[in-house]
Amino acid sequence: MGEKMMKRIVVGISGASGFPLAVCLLNELNKVPDVETHLVYSYGAELTARQESGFAPEQIRALADVCYENYDIGAAIASGTFLTEGMIVMPCSMKTLSGIAHGYSENLLLRAADVTIKEQRKLILAVRETPLSPIHLENMLTLSRLHNVFIMPPVVTYYINQEERAAVPFASAEKTGLEKTGVGKTGAGKTEAEKNDAGKTGTQKSVSRSGTFDAPGDCFSSGGSMSRDLSAGTESDYSETVLSVKDMERHIVGKMLQPFGIEMEGFRRWK
């Protein structure tokens, strides 16, 4: 009997924030014996990787079995005759989303996605943006109507352990609620001057987070506690159990792998 053919999965990384999710995805796929990963990433992804994890290009390439240059429009994954199980773009920027939605295959990442659609293979798009404009939503709607295309934003889960509290939602709440209502910012994202000014007003809310990136062999992990001083002159600091960012990333990646029939070890689901 001939040797069993490896299952090829194409992974695209765009310049949207969320590079640690791509690392987590590739690391999980590398654990599956019969899966071969084919990676293509944009220049924007290279910049984001440096900013979010300190990754150099050679470290990104080392995450996959095969890596292609984004300008190499004649690479194997640009052809429908190159058999794959499908493609995951994680994270997927709005520019990449637009290119895929309108068949604008100006680079290898977009061409590979276009091939995935025309061959009716599975295409997972982990769209990463907020708030979403009507243009973004129209592009998602266009693609969601196509066979085997899945729009899967990397949404944080809250039901892994109801007794735990997550540090991650503070950033989301700040962007979706506080900034839009004019309330302002919490401690996250403030300059030192802003933090100092906040301390002089008599009422201060601060959030402390700690995290490490175990690169390149693991997901982003967070630990420690959240402490908040809710009123001036009163000691109200307290600690809470924090659901690690690593746990959340593993849950997100587990959802992305479900359409391929890959069950990730430790992935928690409702029974």
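This tour moves through two nonpolar cores and one pair of helices in a predicted model.

Begin by selecting Ile13 and Met90, which have the most contacts inside the largest nonpolar core, a set of 33 residues. To see where this core draws its residues from, colour β1 (7–13), α1 (19–30), β2 (35–41), α2 (43–53), β4 (86–92), β5 (122–127) and α9 (245–257), since these are the elements that give two or more residues to it. If you then keep α1 alone in view, you are looking at the element with the largest share of this core, namely eight residues. In soluble globular proteins, nonpolar side chains tend to be buried together.

Return now to Ile13 and show what surrounds it: leaving aside neighbours within four places in sequence, Ile13 is in contact with Phe19, Ala22, Leu26, Leu39, Val40, Tyr41, Ser42, Ala45, Met90, Pro91 and Leu109. Apart from the core just visited lies another one, of 26 residues, and to find it you can select Ala78, Ala101, Leu109 and Ala112, which are among its members.

Next, select helix α4 (residues 94–101) together with helix α6 (residues 134–144), whose axes come within 9 Å and cross at roughly 45°. That angle makes α4 oblique to α6, and the crossing in which α4 passes α6 is left-handed. Show the side chains where the two helices meet, with Met94, Leu97, Ser98, Ile100 and Ala101 on the α4 side and His136, Asn139, Met140, Thr142 and Leu143 on the α6 side. Colouring this contact by class gives six nonpolar residues, four polar residues and no charged ones.

Conventions. Residues numbered from 1 in each chain as written. Predicted model: local features only at pLDDT ≥ 70, side-chain atom pairs only at ≥ 80, totals over all residues. Heavy atoms only, no water. Axes fitted to C-alpha atoms, helices over the stretch in contact; angles between N-to-C directions. Helix = DSSP H or I, 4+ residues; strand = E, 2+ residues; numbered from the N terminus. Parallel < 35°, antiparallel > 145°, perpendicular 65-115°, else oblique. Left-handed = near helix turned anticlockwise from the far one by under 90°. Contact = heavy atoms within 4.5 Å. Nonpolar A, V, L, I, M, F, W, Y, C, P; charged D, E, K, R; others polar. Core = buried A, V, L, I, M, F, W, Y, C linked by side-chain atoms within 4.5 Å. Buried < 20%, exposed > 50% of the residue type's maximum accessible area, 1.4 Å probe, protein only.
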